[in-house]
Amino acid sequence: MEPLKDPLKATKRRHSAAFKRKLVKLTEQAGASVAAIALAHGINANLLFKWRRAQANRPARLKPVTQAVLLPVTMDPLPPASAIIELPMPAPAVRASPARAAAAGVIEIEVGGARVRLRGSVDAASVRCVLQALRDAS
């Protein structure tokens, strides 16, 4: 024999997907309080946080697609070979560790019509040498 169900007894509430999306969207506004939104709509804040996580973890194919922003790019023509000055780089006294070599970048200096690009691990003496050669060449 089945027990009688009390119609006044609370049952599990089910919320529509549209209701969930609406509340999650409200929480995404600047300065929004998840607790205040949940209280205003008669639900527990933890439930609203759960809906937010579920929406954030949904598959990418369902997420709205944003357009890529293209930035303008300009390329300078290469200088003639006669304008390139090759300078021997002084050998470093201590060999740089692989971690430091990977972190080394590029220094690009443009003086007058000359552009100098120093790649890899560059010490101050090397930069002074290059700038002195540029000054002497002009």
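1. A search of the whole structure, which is a predicted model, finds 1 aromatic pair. Its members are Phe19 and Trp51, whose rings meet edge-to-face, with 6.1 Å from centre to centre and 80 degrees between the planes. The angle places the pair in this class because planes over 60 degrees apart count as edge-to-face.

2. As for where the two rings sit, Phe19 belongs to helix α1 (residues 17-27) and Trp51 to helix α3, so the pair ties together parts that are 32 residues apart in sequence. Trp51 has a relative accessibility of 9% and therefore counts as buried, the cut-off for that label being under 20% relative accessible area.

3. Helix α3, which spans residues 45-56, also holds Lys50. In contrast to the buried Trp51, Lys50 is exposed, because its relative accessible area is 52% and the label applies over 50%. On the surface, Lys50 gathers with Lys12, Arg14, Lys20 and Arg53 in a patch of positive charge.

4. Asn46 is a further residue of helix α3, and with a relative accessible area of 58% Asn46 is likewise exposed. Between Asn46 and Val34 the C-alpha to C-alpha distance is 9.0 Å, while the two residues stand 12 positions apart in sequence.

5. Taken together, the points on helix α3 concern Trp51, which is buried and paired edge-to-face with Phe19, and two exposed residues, Lys50 at 52% and Asn46 at 58% relative accessible area.

Key. Residues numbered from 1 in each chain as written. Predicted model: local features only at pLDDT ≥ 70, side-chain atom pairs only at ≥ 80, totals over all residues. Heavy atoms only, no water. Patch = residues over 30% accessible without salt bridge, like charges linked within 9 Å, V, L, I, M, F, W, Y side chains within 5 Å. Areas by Shrake-Rupley, 256 points an atom, 1.4 Å probe, with all protein chains shown as cover. Salt bridge = Lys/Arg side-chain N within 4 Å of Asp/Glu carboxyl O. Lys, Arg positive; Asp, Glu negative; His and termini not counted. Charge placed at Lys NZ, Arg CZ, Asp CG, Glu CD. Helix = DSSP H or I, 4+ residues; strand = E, 2+ residues; numbered from the N terminus. Buried < 20%, exposed > 50% of the residue type's maximum accessible area, 1.4 Å probe, protein only. Phe/Tyr/Trp six-rings, centres within 6.5 Å; stacked < 30°, edge-to-face > 60°.
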